[in-house]
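Subject: Structure for your review

Dear colleague,

Please find below the structure that I promised to hand over to you. My notes on it follow, and I would ask you to read them with the structure open.

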Amino acid sequence: MLGQIAVFLIAAVVVVPVFHRLGFGSVLGYLVAGMAIGPWGLALVTDVEAIVHASELGVVLLLFVIGLELQPSRLWALRKTVFGLGATQVGATTAVIGLLAWIAGAGPLAAFVIGIGLALSSTAFVLQTLAERRELPARHGREAFAVLLFQDIAVIPVLAALPLLAGVDSQAGAWTGALRAGAVLALVVVAARPLLRVLFRAVARIGVREIFTAAALLVVVGLAWLMTRVGLSASLGAFIGGVLLADSEFRHAIEADLEPFKGLLLGLFFIAVGMSVNLGLVATLGWLLPGLALGALLTKGVIVYGAGRLGGDTPGTAARLAIALAAGGEFAFVIFAAGAALGLLDPRTGQTLTLVVTATMMLAPFVFLGADRWRAYWTEHRAEPEFDRIDEPGNPVVIVGFSRFGQIIARVLRMRAIAFTALDASAEQVDFVRGFGSKVYYGDATRAELLRAARVHEAKLVVVAVGDIEKSLAVVDALRRYDPRLPLYARARNRQHCFRLMDRGVQVFQRDTYLSGLAMAGEVLRGLGIDAEEAERSVARFRAHDETLLARQHAVYNDEAALRQSAREAAEELARIFEDDAAQVASPPSG
């Protein structure tokens with residue numbers, strides 16, 4: 001036993017970091033590690049079935065943690081995207097792939113298992129990849145998160161239904177069992193919530209960390225066992241337990257305690273799946289395997305693209321969403337393993353499907369890379385879309401750049417019934433904002449003809465809300481050339497951006513996060529027990545000092561040594577200011 005544990009740990013420690021560093025993700029690393037040490041590799045571990053059974057607790061813990069993340073308020077806020085786009089993607093993909101599998105000769109139940117398994121994507125892989133590419137805040141990133149959330153939720157009833165589907169033909173009392181299972185499920189949902197809170201409050205009062213962890217494991221294992229006793233899946237019980245605790249004050253502590261167990265056992269599960277992959281089947285399948293993998297990627301990608309377009313996405317956004325979700329996911333291994341264990345899939349089909357999903361996950365990084373290359377080529381060689389025609393009369397305010405910063409200004413102006421003209425150089429951003437009813441024009445504000453069409457010369461002022469520093473400065477330069485007397489109000493990303501705006505005569509600007517940082521500083525002072533009026537005065541003194549310092553440093557910001565000396569002197573000066581304030585508070589003047 002110790003030898004096998006050492007083999008698992010060595011395989012994970014050696015292989016997984018390599019795959020993670022190469023950008024393939026840890027799941028694929030675990031699968032390859034399992035292939036290497038399993039019966040079809042070095043044969044260091046041969047009892048695959050026992051390892052699979054032991055590691056299923058990792059999947060149970062994963063679904064419990066997913067349940068902890070699904071706060072009802074969060075689900076309600078995302079309901080349209082989650083249950084609209086998510087249900088469309090899963091339902092359509094399951095139907096199309098299931099139909100193709102049925103045409104190819106699979107039975108109806110097997111076709112359903114194949115369809116739903118290949119409809120799922122890897123939550124861990126997709127979210128990590130989008131985060132590394134800084135695409136999660138984009139529209140396709142938010143939609144990918146919503147679809148993945150629906151997929152995670154959809155896995156639960158699927159795993160619960162598979163045992164019932166497998167027993168439809170052999171158990172005369174299947175419907176009676178289903179009703180009994182439903183009654184137990186309803187009882188758990190109603191009664192477990194208050195009981196779980198009482199349990200964790202009592203354990204928390206004891207103050208022993210390991211007992212708290214043991215209680216969390218007891219909840220997971222206990223609910224999982226209860227569900228299996230009434231014919232449902234252990235995963236369903238764990239998921240329900242997580243959802244019931246999602247709004248409790250113990251959610252973060254439970255998640256932190258269970259994370260190491262979940263990570264290690266889930267890694268063991270993927271290693272076991274890799275060990276069960278029949279590498280001899282790869283040679284037998286030949287070119288059929290890459291053909292099936294590419295077919296699955298293409299079919300799923302087309303369906304996701306269509307779902308995105310139906311949901312109002314631009315072609316570019318829908319394409320990015322399709323690329324992100326085209327590959328298979330880790331829950332496919334869970335569903336295929338459950339289907340094979342229940343007799344819904346024959347062993348060879350289950351092994352082939354596992355290979356197909358693994359191949360799609362291996363191809364996914366190359367799909368992202370190819371899409372980036374194609375996008376760069378297309379951007380370089382395509383004809384620029386024509387700028388929008390601006391037919392409205394001149395307005396008192398022109399806003400250049402309509403991201404979050406510009407939109408906030410626009411909403412305040414609209415509230416005051418002040419007309420404005422909004423410009424943005426991103427066609428996708430313009431399409432996205434127009435979908436919410438805002439009127440914004442596509443165009444490059446560095447071009448004089450667009451400024452003329454927007455009647456900038458009739459405006460009382462122009463707000464430059466462009467986020468990119470160099471583009472912001474280019475817009476300011478263009479506006480200065482067009483009308484040197486025009487008042488400019490600019491967004492500044494940092495202190496250096498302020499200095500360069502000041503070089504161009506811009507006197508009114510706001511630094512990103514500066515005011516929110518000052519507001520938070522005031523809250524911190526009040527939280528430390530300082531009087532609210534005194535905290536407000538301290539923040540005001542700092543702001544006045546910093547604005548004076550900004551003007552002073554503008555004269556030397558190109559001289560790094562002088563700038564550093566100025567910063568040191570300013571820190572000493574600020575300390576003296578607050579020391580004087582403290583002395584005045586301690587001994588107020590008479591009268």
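**Salt bridges and a helix pair**

Asp546 counts as buried, at 7% relative accessibility. Please bear in mind that this is a predicted model.

Which residue forms a salt bridge with Asp546? The partner is Arg495, and the closest N and O atoms of the pair are 3.2 Å apart. This pair links distant parts of the chain, for Arg495 belongs to helix α22 (residues 495-503) and Asp546 to helix α24 (residues 532-554), 51 residues apart. Arg495 is partly exposed, with a relative accessible area of 25%.

Helix α24 also holds a salt bridge of its own, in which the side chains of Arg537 and Glu534 meet at 2.1 Å, N to O. Both residues lie in α24, three residues apart, which is about one turn of the helix. Arg537 is partly exposed, with a relative accessible area of 38%, and Glu534 is likewise partly exposed, at 23%.

A further salt bridge joins the side chains of Arg485 and Asp483, at 3.9 Å from N to O. Is each partner buried or exposed? Arg485 is exposed, with a relative accessible area of 77%, whereas Asp483 is buried, at 13%. In addition, a network of salt bridges links Arg491, Arg493 and Asp512. The count of salt bridges comes to twelve. As general background, side chains of opposite charge can pair when their charged atoms come close.

I turn now to the packing of helices. Two packed helices are described by the angle between their axes and the distance between the axes. For helix α23 (residues 514-527) and α24, the angle is about 145 degrees and the axes are 9 Å apart. The crossing of α23 with α24 is right-handed.

Which residues meet where these helices pack? From α23 come Tyr514, Leu515, Leu518, Ala521, Gly522, Leu525 and Arg526. From α24 come Ala532, Ala535, Ser538, Val539, Phe542, Arg543 and Asp546. By class, this contact of α23 with α24 has nine nonpolar, two polar and three charged residues.

Asp546 therefore appears twice in these notes, because it forms a salt bridge with Arg495 and is also among the α24 residues that meet α23, while counting as buried.

Yours sincerely,

A colleague

Methods: Residues numbered from 1 in each chain as written. Predicted model: local features only at pLDDT ≥ 70, side-chain atom pairs only at ≥ 80, totals over all residues. Heavy atoms only, no water. Salt bridge = Lys/Arg side-chain N within 4 Å of Asp/Glu carboxyl O. Buried < 20%, exposed > 50% of the residue type's maximum accessible area, 1.4 Å probe, protein only. Helix = DSSP H or I, 4+ residues; strand = E, 2+ residues; numbered from the N terminus. Axes fitted to C-alpha atoms, helices over the stretch in contact; angles between N-to-C directions. Left-handed = near helix turned anticlockwise from the far one by under 90°. Contact = heavy atoms within 4.5 Å. Nonpolar A, V, L, I, M, F, W, Y, C, P; charged D, E, K, R; others polar.
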